[in-house]
Each structure stands twice: as C-alpha cells, then as structure tokens.
Amino acid sequence: MLRFFLSRIGQTLAVLFTVSVIIFVLMRLIPGDPVLMMLGDDFTQEAYQRLRAKLGFDRSVVTQYVIWLQAILRGDFGDSYLNHERVSRLVWDAFLPTLSLVVASMLVGTLVAVPSGIVAAMRKDSAWDWGSMGFAIFVYSMPSFWKGIVLIWIFSVHLRWFPAVGYVHPWENFWEGMWRLVLPAITLGTFFSGLVARIIRSSLLEVLDQDYIKAARARGVRRAALVYRHALANALIPVVTVIGLQFGTLLGGAVLTETVFGIPGMGRLTVAAILNRDYAIVQGAILVGVFAVVVVNLAVDLTYAFLNPRIRVA
Amino acid sequence: MARPLDAEALPAQAPATVATPGTSTARRWWRRFARNRGAVFGLAVFLAVVVMALCADLLAPYDPLIQGVGPANQPPTWAHWAGTDSFGRDMLSRIIYGARIALVVGIVAVLLAMLAGVSLGLVAGYYGGKVDALIMRVMDGLFAFPIIILAIAMMAVMGFGVKNVIIAVAVGFVAPFARVTRADVLAVKEEPYIEAARLAGVSGPAIIARHVLPNVLAPIIVQAALRVSGAIITESGLSFLGLGPPPPTPVWGSMIAEGRNFIVMAPHVSTIPGIALMVTIVGLNLLGDGLRDTLDPRLRR
C-alpha cells in the first residue's frame with residue numbers, strides 16, 4: 001500500500017515537472033521581447049541590459065528555467081504588467097469562484113446522473129433506458145456556453161427566477177451565493193451528468209453480469225435487493241474515480257460557463273490577459289489550473305486504491 | 001494509472017484484426033452499423049453538414065459578410081429563415097458558411113493530432129526503453145491539461161487565425177492518440193509474426209509501417225471519429241471566448257457570443273447558431289459511438 005502511494009506520488013511529481021517545462025517553453029515561444037514590454041517606450045540601452053540581466057535572460061535556457069521554477073515554487077508568479085498587481089493574488093481571487101462553480105456542478109451532475117444511470121441499467125433496453133441515455137447524450141453534446149445562454153433566456157429573461165449574471169462567494173452570503181450559482185451549476189452539471197450517467201449504466205451492467213450476482217439471483221434474491229445491496233457498491237467504485245478524473249474537463253467547461261454568467265473566475269481572467277498580452281497572468285492561471293487538476297487526480301487515485309484493494313497490486 | 005473506465009487507457013486485450021475490407025466484410029460492417037438507429041441518424045447529420053460546407057456557395061441565399069441585407073436583429077421571416085444579426089446579415093447564410101470552419105477545423109485538427117500522436121505512439125511502443133519513457137512522460141504532461149485550457153494557451157502563444165485555431169485544437173488531442181496507439185502496439189509487438197519479420201531482417205521502420213500499423217488501425221480510427229466532435233466543441237469554445245478566427249468570419253461560436261448581447265430583444269441571434277452546433281455534435285457523437293461498436297466491438301459498453 002505504502003509503495004503504491006509513493007509510486008503514485010512520484011508519478012505525479014514527474015507529471016508536474018513536465019507540465020512546468022511545457023508551460024515554460026510555451027511562454028518563451030510567445031513572440032516579442034518581454035524585457036522591451038516591461039520597459040515601455042522610453043528607456044536607455046543600459047537600462048535594457050540591466051533589466052535583462054536582472055530577469056536572467058542573459059543566461060542559458062536551463063538556468064533561466066531553474067530561476068523561473070524557484071520563483072514559482074515560492075509562489076511568486078510575478079506582477080501583472082498592466083496594473084502591477086501580484087499575479088498570485090489575481091489568480092487566487094479568480095480561482096475561488098471557478099472552484100465553487102466546479103464543485104456545485106459536480107453535485108448537480110451526480111444528483112441527476114446516479115438515479116438515471118441506475119434506472120437505465122435496471123431496465124435495460126426499456127423506454128426508461130432509451131429516455132435517460134438519449135437525455136444523457138443530448139445534454140452531453142450541448143456546448144455549455146450555449147446551454148447557459150438558453151437557460152438565461154428562459155429563467156432570467158422570461159421567468160425572472162434567477163439573476164442572469166453575477167457572483168457572490170457562498171461562504172460570504174450563503175443563500176445569495178447559492179442562488180446565483182444555480183443556473184451556472186445546472187449548465188455545467190448537466191454536461192457532467194450526461195457523461196456520468198452513461199458510465200454508471202455500463203458499470204452497473206458489467207457488475208450485474210458477474211457470477212456472484214448470477215449466483216445471488218439463482219438463490220432467489222429479489223431484483224431490487226440485488227442491485228442495491230449487492231451490485232451498486234461495486235459498480236460505484238469506478239464511477240467515483242471517473243467523477244474525480246473529470247475535474248479537469250469541468251475546469252475547462254467552467255472557463256466557458258463563467259464567461260456566460262459573468263462570474264469573475266479563471267476563464268475571464270485568462271482571456272482578458274491574453275487580449276491584453278499580459279502573459280504573467282496567463283502563465284500563472286494555467287499553472288494553477290493544471291496543478292489543481294493533477295493534484296485532484298492524485299487524490300482520486302489514492303482514494304480509489306483505498307476503496308478497492310485490488311488495484312494496489314497493479 | 002487508474003483510469004478504469006477511460007477508453008483511451010484501455011490496454012488491448014487482443015490485437016484487433018483488420019481484414020482488407022473486401023465486399024463481404026464491408027457488407028457485414030454496414031449491416032452491423034445500420035442496425036444502430038442512432039448511428040445512422042448521426043451519419044445523416046454528418047453528411048448534411050458536409051453538403052452544407054461543400055455547397056455553401058450554392059445553398060446560402062445571401063453573402064454571409066454583407067451587412068444590411070435585412071433589418072438588424074430581425075427574427076426569422078420568409079426572406080431570412082434564421083433571421084438577421086445585429087449587423088443585418090443573413091443568419092442562415094452565416095450558419096451555412098459556418099459549417100465550413102467547424103468541419104475543416106474539426107477534421108483537420110483531428111487528422112493532425114492523429115498523425116502526430118500515432119507516430120509518437122508507434123515509436124514509443126515499438127522501441128520501448130528511454131525513447132518510450134521520454135515520449136510518454138511528455139504525453140502525460142500534455143494529458144494533464146484540460147483540452148480547452150491547452151488550446152487557450154496555444155492561442156496566446158500563436159495569435160489568431162484559422163490555421164492557428166487548428167493547431168491549438170490539435171495539440172490537445174495528440175496525447176490520447178499516442179496513448180491508444182502505444183497500448184495496442186505493446187500487445188501486437190509480442191505476436192509471432194512480428195518476431196518472424198524481425199528475424200527475417202526487416203528493419204524497424206518497415207516492420208512498424210507494414211506489420212504493426214495495420215493491426216492497430218481500427219481502434220485509432222474509432223478514436224478519431226469520437227474526437228471530431230470534441231475538436232469542434234473546442235473550436236467553438238475558443239471562438240465563443242473571442243480567441244477563434246477573427247470577425248467577420250462566419251463561425252458558430254462567435255455568432256453565439258455576439259448574440260449574447262441581444263438575448264432580451266433578439267434571442268434568435270444566439271440560439272439558432274447554437275442549435276446548428278448542437279445538432280452537429282449530437283450527430284457526430286452518435287456516429288462515433290456507432291463506428292466504435294461496428295469496428296471495435298471490444299470497446300463496446
């Protein structure tokens with residue numbers, strides 16, 4: 001068990017290292033001289049050389065990477081060149097709304113997906129199965145940004161049930177915050193539910209096909225008891241993993257969803273920074289986003305190993 | 001890696017065999033495919049989008065770029081079946097031309113990703129050792145990026161334009177192709193006929209091209225079919241964020257974004273292009289699922 005944990009953590013560190021190299025290389029590929037950009041229009045040759053040396057651009061690429069990585073590890077992502085705010089501060093402020101949207105969407109999606117996946121599997125090839133799987137592929141295929149606009153049109157413009165845009169931290173004003181998260185969470189959560197419902201169905205069908213279930217059925221265990229007492233727990237273990245591993249997909253989806261609902265999250269921050277050529281922010285936001293995905297994946301894998309001892313051997 | 005239900009991480013249980021599609025095999029595939037009503041619907045949608053893209057000049061009633069062919073933000077009428085946008089451009093024509101960008105980006109990006117990913121997967125799987133470790137660690141790193149976030153980062157680096165959108169979308173799909181290919185190559189590599197070819201003195205690249213690749217092709221094709229919809233969604237997402245092909249190019253994602261500002265008085269501007277996008281994606285997903293069940297039944301769920 002310990003060996004599995006350590007090797008998984010080692011793999012994660014390797015992935016994080018590769019990710020950092022990829023981001024470093026990408027940022028170096030951006031056309032234009034960052035030193036020139038920081039200096040503005042009016043500067044002397046001497047000032048140019050001094051800043052260049054200070055930023056380490058006169059050294060080898062490897063040294064530059066090490067300097068860069070050390071700063072990142074200290075949590076120093078540099079300053080926004082437009083308004084000189086700390087990038088770490090800006091990214092953190094934007095990360096919290098995005099994270100609450102992702103978590104709320106996971107909740108909504110799971111609440112929809114579990115019952116519909118179970119019904120579809122229990123009544124395979126029935127109208128229930130067709131209906132819930134049709135719904136799943138439908139909501140899964142709807143681009144989240146478009147779904148958000150349609151929901152705003154129906155529920156904000158016509159019915160006036162929910163505000164169209166805006167965000168409040170749920171931990172500062174719980175009801176207000178949750179209220180404003182409803183439409184965004186439905187937008188992103190239904191996409192997620194489409195994905196998860198299909199996986200729950202196939203996972204449950206696979207378990208129901210196994211010998212111990214057939215044996216229980218032969219003993220005369222009722223069908224409902226069979227599913228809820230014998231099959232469901234085993235079928236849901238891999239589903240928990242899938243839910244966790246979709247964190248990255250949801251984070252990507254959140255970037256689009258929050259743009260629709262005017263949530264001041266990572267998506268808005270990054271896109272505005274790209275349009276302003278404020279690359280320190282772009283780099284910081286992407287680093288934090290991918291770091292979160294990798295860490296969540298590690299946590300999911302470790303939890304899975306904990307729940308299902310069979311995996312540890314592998 | 002514990003990704004138990006993720007199709008792209010599934011190792012090959014048995015090497016998939018691709019017979020040269022003679023008439024009987026093709027007919028059998030078609031029968032299996034045609035039984036799946038969703039897949040047939042998907043194929044119909046795909047063909048419709050292809051016709052729209054190819055014959056846009058003939059089908060579009062107006063020039064998609066000319067402003068003021070009707071009043072601004074007019075809901076659907078007989079003259080403008082999908083209404084007009086805020087510049088008074090004909091939306092139907094823009095949607096028809098938009099199919100071009102969607103299809104070209106979706107298909108070319110997936111082909112590029114397939115070319116790169118399959119080559120890397122073949123080399124990594126066949127040669128193993130350090131080459132394998134190096135390639136696959138880079139792929140792990142790329143795989144950690146959510147696809148849209150990688151595409152956003154690439155657009156930040158490269159700047160705007162259709163060509164760059166294609167590359168940005170393609171980069172996100174390289175790692176899945178490399179993984180699927182490598183997993184299957186590892187299984188095929190142990191087959192006696194590969195061993196025989198090696199002993200007969202056939203060179204590595206020749207073995208890969210002539211004996212390994214044909215035997216791992218089926219799951220790769222399935223993977224490609226399943227990825228086109230993802231590529232189109234990614235492109236629309238970029239365009240929606242304003243990072244796609246620059247205006248006034250008719251792109252579904254940008255059309256949806258433009259319409260957002262008029263959601264109260266002219267909801268059709270945003271919703272109608274979205275319906276085109278959604279129907280395309282549903283169709284491609286059903287088609288991809290159908291192809292998977294037909295060509296690669298071991299991935300069937």
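These notes cover the fold of chain A, one of its helices, one buried threonine, and the contact between chains A and B in a predicted model.

1. Overall make-up of chain A. The secondary structure consists of 13 helices and zero strands. Along its principal axes, the C-alpha trace spans about 90 × 55 × 35 Å. Of the 314 residues in chain A, 39% are buried. Where contacts in chain A link residues at least 6 apart in sequence, 72% of them join residues at least 24 apart.

2. Geometry of helix 7 of chain A. This helix runs over residues 144-158. Its 15 residues, at 1.5 Å a residue, should span 21 Å, and the end C-alpha atoms lie 20 Å apart, which agrees. The helix nevertheless bends by about 30° at A:Ile152. After helix 7 comes A:Arg160, which has a positive phi, near 60°.

3. Surroundings of helix 7 of chain A. Its buried residues include A:Ser144, A:Phe145, A:Trp146 and A:Lys147. A:Gly148, A:Ile149, A:Leu151 and A:Ile152 are buried as well, so the residue at the bend, A:Ile152, is among the buried ones. Within chain A, the buried residues of helix 7 pack against helix 8 (174-208) and helix 11. They also pack against helix 9, helix 10 and helix 11 of chain B.

4. A:Thr259. This residue sits in helix 11 of chain A, which covers residues 247-260. A:Thr259 counts as buried because 22 other C-beta atoms lie within 10 Å, and the cut-off is 20 or more. Neighbours within four places in sequence aside, A:Thr259 is in contact with A:Phe145, A:Gly267, A:Arg268 and B:Leu241. One of these partners, A:Phe145, is a buried residue of helix 7 of chain A. A:Gly148, also buried in helix 7, is 111 residues from A:Thr259 in sequence but 9.6 Å away in space, C-alpha to C-alpha.

5. Contact between the chains. In total, 42 residues of chain B are in contact with 46 residues of chain A. On the chain B side, at least two residues each come from helix 5 (129-144), helix 6 (147-158), helix 9 (204-241), helix 10 (252-260) and helix 11 (268-295). Helix 11 of chain B gives the largest share of that side, nine residues. By type, the side of chain B that touches chain A has 29 nonpolar, eight polar and five charged residues.

Terms used: Residues numbered from 1 in each chain as written. Chains lettered and ligands numbered in written order. Predicted model: local features only at pLDDT ≥ 70, side-chain atom pairs only at ≥ 80, totals over all residues. Helix = DSSP H or I, 4+ residues; strand = E, 2+ residues; numbered from the N terminus. Buried ≥ 20, exposed ≤ 12 C-beta atoms within 10 Å, placed from the backbone. Contact = placed C-beta atoms within 7 Å. Nonpolar A, V, L, I, M, F, W, Y, C, P; charged D, E, K, R; others polar. Expected span 1.5 Å × (residues − 1). Bend = angle between axes of the 7 residues up to and from the residue.
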